[in-house]
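User: I'd love a close look at a single part of this model, the small sheet at the start of the chain. Could you take me through how it is put together, and then show me what else there is to see around it?

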Amino acid sequence: MQRPRVHGKFLFVGEEKFWIRGVTYGTFKPDHSGVQFPPQDLVERDFRAIADAGLNAIRVYTAPPLWLMHAAAAFGLRVMIGLPWEQHVTFLDDRVRAKRILSDMRKNVRRLAGHPAVLCYAVGNEIPASVVRWYGKARVERFEKGPATVDISKYPEGIKANYEVFTQKCSQCHKLSRPINSDYALPDEWSRYIKRMMNKPGSGISSAEGKKIYEFLTYDSSVRKKAMLDEKLAKATPADKTTAETKIKEVHDKYDSK
Ligand code: HEC
């Protein structure tokens, strides 16, 4: 069985236009071992009936086991593989959950990659409008209505100077309220984010300026966002925690009481 390819508005298998004639298959209640499909003999019987009815594709809603893909191929059926994710929960609230969604996707795609019966993947489903509205509003409000300045009166002189670089460079494309009210606090979160911003076209931030901004944001997070920082450190692996603490200490050692 050859994998179809996209050509213009159509799908082709070899030189032939491929018309999908498919039916949905599932969802099914998980069995005792968590497999969300019927037993293999029943699936094969179903697939035979589907193929006999002149259909050439099925759509499943959970990541199929490999034996199901083999069975589909045996009956000339292609599989549209739905990879579900928790679209109905407010997934962005929780970075761990957002990461897990991605890694689950990768794991499933890797497991099925290259199988001849793969027609396509359908990632997730509609994100409910209520979730979109909630995020849009909640995020925008958090960024936009939060403060756009930091009280630096008690910060060391060097950090005050770095704050100036931050206010100039990081306010070019959006308000400063965005970094100031974000939930980044760890040194590595900041270095990653600053690099990402430096890579945006026209940002014009030199690496020396990037370093000053990093030092400011790391220092500021260790004071103004101390509770958030401590919470993140408590959740980090011991190695990551040590790395982060070392980096924070470096900044303090460089600037404190000077
Ligand atoms: C050249 C334009 C540009 C500059 C300069 C810039 N940003 Fe951004 N920033 C963006 C854009 C575009 C987004 C939204 C898309 C994204 O997150 O990449 C954004 C989003 C953000 C976010 C929101 C992240 C989230 O979780 O939604 C933070 C925090 C941020 N920027 C921090 C900074 C900091 C710190 C600086 C200074 C080093 C900076 N930005 C400079 C363009 C810029």
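Analyst: Happy to. A good place to start is one pair of residues: V13 stands opposite E16 in strand 3. Please keep in mind that this is a predicted model, and every value here is computed from it.

That pair belongs to a ladder in which strand 2 and strand 3 (residues 16-18) are joined by three bridges and run antiparallel. Another pair in strand 3's ladder is F12, which has K17 opposite. Between strand 2 and strand 3 the chain makes a hairpin with two residues between the strands, and G14 in the turn has a positive phi of about 60 degrees. As background, most residues other than glycine have a negative phi.

Now look at the other side of strand 2. Strand 1 (residues 5-7) and strand 2 (residues 10-13) pair in the antiparallel sense, again over three bridges. Here H7 has F10 of strand 2 opposite. The link is once more a hairpin with two residues between the strands, and G8 takes a positive phi near 60 degrees.

Put together, the two hairpins give an open sheet of three strands in the order 1-2-3, with antiparallel pairing. Strand 1 and strand 3 are the edge strands, each pairing on one side only. On average, neighbouring strands of this sheet are turned by 50 degrees against each other, direction ignored.

Following the chain onward leads to the second sheet. Four strands form this open sheet in the order 4-5-6-7, and the pairing is parallel. Strand 4 (22-24) and strand 7 (118-123) are at its edges with a single partner strand each, so one side of each is left without a neighbour in the sheet. The average turn between neighbouring strands in this four-stranded sheet is 20 degrees, direction ignored. One of its ladders is that of strand 6 (residues 78-83) and strand 7, which run parallel and are joined by five bridges. Within that ladder, M80 has C120 in strand 7 as its bridge partner.

Just after strand 4 there is a backbone detail to look for: a cis peptide bond joins G26 and T27, with omega about 5 degrees. T27 lies in the loop between strand 4 and helix 1 (40-52).

Let's step back to the whole chain. The domain assignment of the protein gives domain 1 (5-129) and domain 2 (147-242). The centres of domain 1 and domain 2, taken over C-alpha atoms, are separated by 42 Å.

Further along the chain, helix 7 (187-198) is one to follow. The axes of helix 7 and helix 8 (residues 207-223) come within 10 Å and cross at roughly 145 degrees, and this crossing is right-handed. From helix 7, the residues P187, W190, S191, I194 and M198 meet G210, I213, Y214, L217 and T218 of helix 8. By class, the residues of this contact divide into seven nonpolar, three polar and no charged.

Helix 7 also takes part in the surroundings of the ligand. It gives the most to the shell around the ligand, with four residues, while helix 6 (177-180) is another element that supplies at least two. Of the 17 residues around the ligand, C170, C173, P179, M197 and S203 come nearest. Sorted by class, the shell around the ligand has eight nonpolar, five polar and four charged residues.

To come back to your sheet: it is the open one with the order 1-2-3, in which G8 and G14 have the positive phi angles of the two hairpins, and V13 and E16 are one of the facing pairs.

Note on methods:
Residues numbered from 1 in each chain as written. Predicted model: local features only at pLDDT ≥ 70, side-chain atom pairs only at ≥ 80, totals over all residues. Pairing = 2+ DSSP bridges. Axes fitted to C-alpha atoms, helices over the stretch in contact; angles between N-to-C directions. Near = placed C-beta within 6 Å. Nonpolar A, V, L, I, M, F, W, Y, C, P; charged D, E, K, R; others polar. Left-handed = near helix turned anticlockwise from the far one by under 90°. Contact = placed C-beta atoms within 7 Å. Domains from an automatic or database assignment.
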